[in-house]
Amino acid sequence: MARPLRIEFAGALYHVTARGNARAPIYFSDEDRDAFLTLLAEVCNRFNWACHAYCLMDNHYHLLIETADANLSKGMRQLNGVFTQYINRTHSRVGHLFQGRYKAILVEKDSYLQELSRYIVLNPVRARMVYNAEEWPWSSYRAMVGLSEPRSCLTLEAVLSVFGLKQEKAQQVYRLFVDDGLNQLSPWEELKNQVYLGSDAFVDEVQCQLKPDQSLEEIPRLQKSGPLKALSYYAKKYPDRNEAMIKAYQSQHYTLRKDRTLRKDRTGTL
């Protein structure tokens, strides 16, 4: 199976997750979580990252990372590799800690920064591990609302500036915003081509960031295609039924049956 495409460019924003091998825990104590956040701060400093939100669960983590340079893969190799060594050494274990490669979703910052900063810190609440976000000490929420000192890995300004010019007021508004989050649809309902969270224009712009020498052989088909459009879009744009079917088929999101009717490709469903 082809690996997910890694598109890296200066100023990219990613929602990054990594899970334990066979869904096993990746943290075995609070000291492990503390060590992870310390390492994350070192990686952010070394690779010039900004971490806008984080949440450490039992068997996975969520990060919202902005890369000033095109170096997500290098930083993630350092983060997951060094942390695996730490866990194996500390707990006298061997083998893989994480299940395969990390997952990175490219995010349109202007549209989804605040939404993901909420989604990430609500993970323990959705998992029914705590009643509200402030009860979980291993996310960015408490620091974001002023209940604790921010870890050195965390950048507050980008998120809070969306909610107000004064920090105290912005923290109050952010708290209300998070409280309302459980009533909102998941942002992943709007995921495109498996790796993009943003508008069609954003997807097109990001795909232009591919390097000229980027090999396309192992890029999954859907990640090379344009944004998914409804069949009604093709029917309206191309009055001739056969032409509309051909254009929909060429988008790579639909397959063509022998009876010349279209159906959505199962690999294209979200």
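This passage describes the fold of a single predicted chain, from its overall make-up to its sheet, its core and one of its helices.

The model is predicted, so local features are reported only at pLDDT of at least 70 and side-chain atom pairs only at pLDDT 80 or more, whereas totals for chains, interfaces and linings use all residues. Residues are numbered from 1 along each chain as its sequence is written, and side-chain values use heavy atoms, with hydrogens and water left out.

The chain contains 11 helices and 8 strands, taken as DSSP runs numbered from the N terminus (helices, H or I, at least four residues; strands, E, at least two). Of its 270 residues, 47% are buried, where buried denotes under 20% relative accessible area, exposed over 50% and partly exposed the range in between (1.4 Å probe, protein chains only). Contacts are defined by heavy atoms within 4.5 Å. Among those between residues at least 6 apart in sequence, 68% join residues at least 24 apart.

An open sheet of 6 strands shows mixed pairing and the order 2-3-1-4-6-5; two strands are taken as paired if DSSP finds at least two bridges between them. Strand 2 (49-56) and strand 5 (191-192) occupy the edges, and because each has a single partner strand, one side of each lacks a neighbour in the sheet. Strand 2 is joined to strand 3 by 7 bridges in the antiparallel sense, with C51 opposite I65. These two strands form a hairpin with 3 residues between them. Strand 3 also pairs with strand 1, again antiparallel, over 8 bridges, and R19 stands opposite H60 in this strand. Strand 1 (residues 12-19) in turn runs antiparallel to strand 4 (residues 103-107), to which 5 bridges connect it; here Y14 is set opposite L106.

Strand 3 (60-67) and strand 2 are crossed by helix 1 (residues 30-47), which runs at about 165° to strand 2. Axes are lines fitted to C-alpha atoms, for helices over the stretch in contact, and angles run from 0 to 180 degrees between N-to-C directions. In strand 3, 8 of the 8 residues are buried, so this strand is largely enclosed by the rest of the structure. Its residues H60, H62, L64 and E66 point one way, while Y61, L63, I65 and T67 point the other way.

The largest nonpolar core comprises 76 residues, and Y61 and Y174 have the most contacts inside it. Such a core is a set of buried Ala, Val, Leu, Ile, Met, Phe, Trp, Tyr and Cys residues joined through side-chain atoms within 4.5 Å. Helix 1 provides the largest share of this core, 8 residues. Beyond its neighbours within four places in sequence, Y61 contacts a set of residues including V16, A18, F36, L56, M76 and F98.

Helix 3 (residues 109-121) has 13 residues and spans 17 Å from its first C-alpha to its last, close to the 18 Å expected at 1.5 Å a residue, the expected span being 1.5 Å times one less than the number of residues. A kink of about 30° is centred on E115, the bend being the angle between axes fitted to the seven residues ending at a residue and the seven starting there. Buried positions of helix 3 include Y112, L116, Y119 and I120. S117, also in helix 3, is buried with a relative accessible area of 0%. Apart from neighbours within four places in sequence, S117 contacts A53, L64, V159 and Y174.
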